[in-house]
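Colleague: I am new to this one. Please take me through the calls one by one, with the rule behind each.

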Amino acid sequence: MTNIISFFKQHGYYHAKAALPLDLVETFKSEFDPIFAEKQKRFYARFTEPGMYGANHDIKRWNMLLPSESSMLRSAFFAREELFNTLKSVFHGDFSLVFFSSDISSPGSTFQTIHQDGNDFAVALNVPLVDSNEVNGATQIYPDTHRISSDSEFTNESNEFTDEQIIARANALNPLTLNVKRGDYTLRDLRLIHRGTPNNTDDHRPYLSVIFLPSSQNEAPRFEVIQEGLDLFVQFKEEAFPTGNIRLIDYANTFGRLVMAYAQSDRVHRPISKEVSDQLDERALYCLRFAKFEDEALNDRIVRTDGTSQEFLKEIQVAKDEFRKIKSES
Ligand SMILES: O=C(O)CCC(=O)C(=O)O
Ligand SMILES: [Fe+2]
């Protein structure tokens, strides 16, 4: 086992220093800034009153999916050889790139509640687009807390800590602020306890955030059925936002993530053009195999079955009922 893999398994994270070319990260940043500015504009335009809802994720924090046409995707930084081999090893089987996204901590963000991103094993790859530290909101982690105890072995099993247990574990340990520089990347086990910290500067702190999930079967719902989910997501958003009802807006957004998790790719929402896929190498295409491609030959790598489609249709029905219920309660 290489050092990276054993470090990651033991501590639940890995910090690679000066691993990406600086000019590449600069290109990402100059592409990212206007995309994010547009995103904010579109978001605020959804509300009837300005300032009704501060940001799309937590206090002054944003999540934003990244475009498939960007150099961020084209460069396939997420499938560079060393990184890919690490992922291949820690997943003990197949995995896929499900969310090609970003986390932005804006000026005025505060300490997040200490949390796990999930109970199930998955990996977040973060690429800071600016140097990040205690002043502008670098992420704080509690090393080793992805394992059920300090003397337990690394496994890919789910753990089930309650919110109280998470806080109690964190209180008994020292956090580590992941001070990162442009050109670095970090890998984090999604079970690891962590939190976002305040950004006390006047500038946004953007991290690219790529989420890899295990995929035991190369099966997914049919595109027509996924499209039903995506259409419903749009409908939920259009209904929810003008009301300013936070529960309803959160439900709409959570449903969007459910659609992409079922599809095992957020690229069904943002299909990949042939011009881009022609540039992607085999490792990148493997990571993105659940995406929707303009190049039909690439869509055939995944089996799209009736069983999985039916399961997803049931989820769609449940969501419709739940959305109506939340709406009627307010
Ligand atoms: O952006 C960060 O520093 C961490 C954010 C985070 O952990 C989250 O939103 O789940
Ligand atoms: Fe988190």
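Modeller: Domain bounds here come from an automatic or database domain assignment. That assignment gives domain 1 (3–214) and domain 2 (219–329). This is a predicted model: local features need pLDDT of at least 70, side-chain atom pairs count only at pLDDT 80 or more, and totals for chains, interfaces and linings use all residues. Residues are numbered from 1 along each chain as its sequence is written, and chains are lettered from A and ligands numbered from 1 in the order in which they are written.

Colleague: What makes residues of domain 1 and domain 2 count as a contact?

Modeller: Two residues are in contact if their C-beta atoms, placed from the backbone, lie within 7 Å. By that rule the contact takes 20 residues from domain 1 and 25 residues from domain 2. On the domain 1 side, strand S3 (95–105) gives the most, with five residues. Strands are DSSP runs (E, at least two residues), numbered from the N terminus.

Colleague: Why is the largest nonpolar core said to lie between the domains?

Modeller: Domain 1 and domain 2 both give residues to this core, so it lies between them. A nonpolar core is a set of buried Ala, Val, Leu, Ile, Met, Phe, Trp, Tyr and Cys residues joined through C-beta atoms within 7 Å. Buried means that 20 or more other C-beta atoms lie within 10 Å of a residue's own, with C-beta atoms placed from the backbone. The core has 71 residues. Phe-78, Val-210 and Phe-212 touch the most other members.

Colleague: Which residues does Val-210 touch?

Modeller: Not counting residues up to four places away in sequence, Val-210 touches Phe-78, Leu-97, Phe-99, Phe-100 and Leu-125.

Methods
Helix = DSSP H or I, 4+ residues; strand = E, 2+ residues; numbered from the N terminus. Buried ≥ 20, exposed ≤ 12 C-beta atoms within 10 Å, placed from the backbone.
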